[in-house]
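User: Could you take a close look at one part of this model for me, a strand and its surroundings, and then show me how the rest of the picture connects to it?

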There are 2 protein chains.
Amino acid sequence: MLKINEHYLKLQASYLFSDIAKRMTAFQEANPDKDIIRLGIGDVTHGLPTACIEAFHSAVDEMAEDSSFRGYGPEQGYAFLREAIAKNDFQARGADISPDEVFVSDGAKCDTGNIQELFSTDAKIALPDPVYPVYLDTNVMAGRTGGFRDGRYQGMVYLDSTEENNYVPDLPSEPVDLIYLCFPNNPTGSTATKEELKKWVDYAKENKALILFDAAYEAFIRDDSLPRSIFEIEGAKEVAIEFRSFSKNAGFTGTRCAYTVVPKECMAFDSAGNKQAIHPLWNRRHCTKFNGVSYPVQRAAEAVYSEAGKVQIQELVNSYLENADLIAKAIGELGFDYAGAANSPYVWIQGKRDSWEFFDMLLNEAGVVCTPGEGFGKCGQGYIRLSAFNSRENVIKAMERIKKALA
Amino acid sequence: MLKINEHYLKLQASYLFSDIAKRMTAFQEANPDKDIIRLGIGDVTHGLPTACIEAFHSAVDEMAEDSSFRGYGPEQGYAFLREAIAKNDFQARGADISPDEVFVSDGAKCDTGNIQELFSTDAKIALPDPVYPVYLDTNVMAGRTGGFRDGRYQGMVYLDSTEENNYVPDLPSEPVDLIYLCFPNNPTGSTATKEELKKWVDYAKENKALILFDAAYEAFIRDDSLPRSIFEIEGAKEVAIEFRSFSKNAGFTGTRCAYTVVPKECMAFDSAGNKQAIHPLWNRRHCTKFNGVSYPVQRAAEAVYSEAGKVQIQELVNSYLENADLIAKAIGELGFDYAGAANSPYVWIQGKRDSWEFFDMLLNEAGVVCTPGEGFGKCGQGYIRLSAFNSRENVIKAMERIKKALA
């Protein structure tokens, strides 16, 4: 008799986005003449940069002819892309990362979800609250938690991110082995300074722990004193893995390309206490369960690093950041406290009421969709997230409507 | 202290393709004027069909404009592709599969590797020998085997596929829970009749087991009496999952698109013995650890089912099948026994000597690269695999050289 992995049954049904969809449908049916502006989901809305489109087309043409056709590529990604990444995203900022430490993939969601496979099922996990739900759910599936009680899974160590700590969590009060961090944070938009990250790196070294650093939103950092990569922190290469994506800087959410950096110095341990390098383990996983990213997509991603690509990416990012500023200004004028916006496409708003109550108010009074904060964890209760990923026109219109509704 | 998943340490280093590469390099250095013909790896060589290229370009153009841009798509794949698959690959052959039972992914390697996550770690696994190594390695990583001894992992049930059983394994003599089958088989090229598959379906029903059916090579079936899908067998929907790919029929090895069919009737059990549907479990995994296939790639895959696409795909497949015929004819004339070719792009040759000895002989005497059979399992010892994935010109030249060298 084939038994299922019963840890899956512990997973709470994720009603968040289906609930949002249901309430939107109900509103639209009741108000067929009103248009809804969506500032909920963190999905980009602008077309791909011209440099990427040109490279994409050109690579598709290569696939048409036997003489230039490419079959299976290297599972870890083509050298042209790994080299461009190492040079531009790390070496240019003083982080000594080599191309063979870069693993190209089809998404940071996949990588942040799959990485836990490399570690023992009894590893003690720490993760921020609120945060992107994939870190938690994939550890539940792997059996690293108990059941769900009072809004949290037993056995996980939650790192509360609240107004009190400026949404940058404190070190855990009990020993942990694996630590998820995400800066600029999704959903709060908060960032961590070099000094703050240094504390985590030191903690990981002292406790033989590992940091899984999600930097999917690094392109939105405007403050030059803030680190864009954890590898800008001395000693981080021994205790950290970093996840990056082309989704939010270059608009690849529907095109699919990302990468993960696993430094060769990065270590975990076997049960005898001997050091074991993580790089060959991830390489083995990548080669066994993955077959590389589509060749034309890798060429499109490479174009992000061309001279034209860099300019176009910056324009895209600036456009979303200016949207974030408009949202923050309007929300501030309405007297709400908020985080984010400065170095992030998200504005995290203290609603002074239940998350869903605020959601319903914005939808019904202003025709604007947000994301209720409790979808990201218990500490998100009472908050909503507004996303800057939309056209300027829609953002301006949404803010006018919200001001009018809430004034 | 963070401990690694120590099951990874049980994995045998896969020296097969690096050994092949080393021997090729040595030969090339010793014979700089000789060109090597590669009939080793199962990778296609012809350009993508024109219908796919046109659809690919057109979708890239959509991604350039805000008005037609697509961000995150449905994790399970776009309806246009799932509907085309269900209609053409299943309903047209009398297999009642609905679009929402089709999960589009970036590769059959990923899906066949990831599917085991849904099941208990104490599941008893049966898999053919020889066979595609991903099924085995992913179960080793998950801790479903003991150590490696005498060429096999402890605790696995190997289903010997030999000349005696015409490379179609017999039912296991001990109870098993999860059964991998692959027809047309990689590497032997053998196929299973409806009667043979029916035996497996009946076995699975009687034993509350599940069949994981890899049909990546179904397009190469010329014999109309053979099933292309396990769902052509009555009752299979309750006990089977099927994996398909656009890699070998449409040449998508470097473009990346595949799919997995999980019928809603398909069941496993919880530890209390209650039936648990597999469809929601796979859906949950897909939505948590995967973010959909690149939109332009899905449009290119959809074009496989257009009128022009169907004709072009058939031409591609025929061209490789004619190569397989040429290889089989030459090998037969040299007095070797072989399997495959008839309904497969592979020819599985009994070399009457050690696999590597035969490999070296073909490389050194004929400048042709094959794959030594032992890379696919213990029963592959003494065999080599020749692949039909090359140009007609190269196949003809390779066979002339082999005939001359071995005559």
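Analyst: Happy to! This is a predicted model, and a good place to begin is strand β17(B), which is covered on both faces. On one side sit Tyr383(B), Arg385(B) and Ser387(B), on the other Ile384(B) and Leu386(B), and all of these residues are buried. Buried here means under 20% relative accessible area. The strand spans residues 383–387 of chain B, and five of its five residues meet that cut-off, so β17(B) is largely enclosed by the rest of the structure.

Next, the strands that pair with it. Strand β14 of chain B, residues 346–350, runs antiparallel to β17(B) and is joined to it by five bridges. Within that pairing, Tyr346(B) has Ser387(B) as its bridge partner. Ser387(B) is also one of the buried residues listed above. Strand β16 of chain B, residues 371–372, pairs with β17(B) as well, again in the antiparallel sense, over two bridges. Here Pro372(B) stands opposite Ile384(B). In general, strands of a sheet pair through backbone hydrogen bonds, either parallel or antiparallel.

A strand in chain A makes a nice companion to this one. Strand β10(A), residues 258–261, also has both faces covered: Ala258(A) and Thr260(A) lie on one side, Tyr259(A) and Val261(A) on the other, and all four are buried. β10(A) belongs to an open sheet of seven strands, in the order β2-β10-β9-β8-β7-β3-β6 of chain A, with mixed pairing. The edges of that sheet are β2 (102–105) and β6 (157–160), each of which pairs on one side only. On average, neighbouring strands in the sheet are turned by 20° against each other, direction ignored.

In that order, β10(A) sits between β2(A) and β9(A). With strand β9 of chain A, residues 240–245, β10(A) shares four bridges and runs antiparallel. Phe243(A) has Thr260(A) as its bridge partner, while Arg244(A) is partnered with Tyr259(A). β2(A) also pairs with β10(A) in the antiparallel sense, over four bridges, and there Val104(A) stands opposite Tyr259(A). Tyr259(A) thus appears in the pairing with Arg244(A) and in the one with Val104(A). Lying across β2, β9 and β10 of chain A is helix α3, residues 79–90, which runs at about 115° to β2(A).

Now for how the two chains relate. A rotation of 180°, with 0.0 Å of shift along its axis, superposes chain B on chain A with an RMSD of 0.0 Å. The two copies are therefore related as by a two-fold rotation axis. In chain B, the C-alpha nearest that axis belongs to His57(B), at 3.1 Å from it. The same surface serves both copies, with 100% of the contact residues of chain B recurring in chain A.

One helix pair links the chains. Helix α5 of chain A, residues 134–141, and helix α7 of chain B, residues 279–289, have axes that come within 10 Å and cross at roughly 140°. This crossing is left-handed. From α5(A), Val134(A), Asp137(A), Thr138(A) and Met141(A) meet Arg284(B), Arg285(B), Thr288(B) and Lys289(B) of α7(B). By type, the residues of this contact divide into two nonpolar, two polar and four charged.

Methods
Residues numbered from 1 in each chain as written. Chains lettered and ligands numbered in written order. Predicted model: local features only at pLDDT ≥ 70, side-chain atom pairs only at ≥ 80, totals over all residues. Heavy atoms only, no water. Least-squares fit on C-alpha atoms with pLDDT ≥ 70 in both. Contact = heavy atoms within 4.5 Å. Buried < 20%, exposed > 50% of the residue type's maximum accessible area, 1.4 Å probe, protein only. Pairing = 2+ DSSP bridges. Axes fitted to C-alpha atoms, helices over the stretch in contact; angles between N-to-C directions. Left-handed = near helix turned anticlockwise from the far one by under 90°. Nonpolar A, V, L, I, M, F, W, Y, C, P; charged D, E, K, R; others polar.
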